[in-house]
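Hi,

Here is the structure I promised to pass on. Have a look at it first, and my notes follow underneath.

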Amino acid sequence: AELNFNAEAHLMSEAEYPHADAHNRAHNFLLDELRYLKKRIIEVNELQAFRLLRDWLVAHIEKDDTPLGDFLLARKRL
């Protein structure tokens, strides 16, 4: 996750994404959540673990990555 988040931070910086600070804060929050989820995965069965991770990732994609992608696509078209 950290490698992906670092790559996104670089893209946002290069594109001067106006919501980069909020997106980076979301990444930091997600990393904290991921550490918590790692502990939870040990406590639950495999299927529940995959559901936790799926829900965690989909929520971030919908809330933060989709607007970033839209911004980058619009910027590329200019």
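Contact here means heavy atoms within 4.5 Å. Keep in mind that this is a predicted model.

With that cut-off, the meeting of two helices is a good place to start. On the α1 side, F5, E8, L11, M12, E14 and A15 take part, and they meet H60, D65, L68, F71, L72 and R75 in α3. Sorted by type, the residues of this contact come out as 7 nonpolar, 1 polar and 4 charged.

As for the geometry, two packed helices are described by the angle between their axes and the distance between the axes. Helix α1 covers residues 2-15, and its axis lies 11 Å from that of α3, at an angle of about 40°. That angle makes α1 oblique to α3. The crossing of the two is left-handed.

One residue to click on is H60, which sits in helix α3 (residues 46-77). Is H60 buried or exposed? Its relative accessible area is 4%, so H60 is buried, the cut-off for buried being under 20%. Setting aside neighbours within four places in sequence, H60 is in contact with F5, E8, H23, H27, L30 and D65. Two of those names, F5 and E8, belong to the α1 side of the helix contact above.

For a contrast, try K39 in helix α2, which runs over residues 20-43. K39 has 58% relative accessibility, so it counts as exposed. If you want a distance to check in your viewer, the C-alpha atoms of K39 and F71 are 35 Å apart, with their positions 32 residues apart along the chain.

Cheers

Conventions: Residues numbered from 1 in each chain as written. Predicted model: local features only at pLDDT ≥ 70, side-chain atom pairs only at ≥ 80, totals over all residues. Heavy atoms only, no water. Helix = DSSP H or I, 4+ residues; strand = E, 2+ residues; numbered from the N terminus. Buried < 20%, exposed > 50% of the residue type's maximum accessible area, 1.4 Å probe, protein only. Axes fitted to C-alpha atoms, helices over the stretch in contact; angles between N-to-C directions. Parallel < 35°, antiparallel > 145°, perpendicular 65-115°, else oblique. Left-handed = near helix turned anticlockwise from the far one by under 90°. Nonpolar A, V, L, I, M, F, W, Y, C, P; charged D, E, K, R; others polar.
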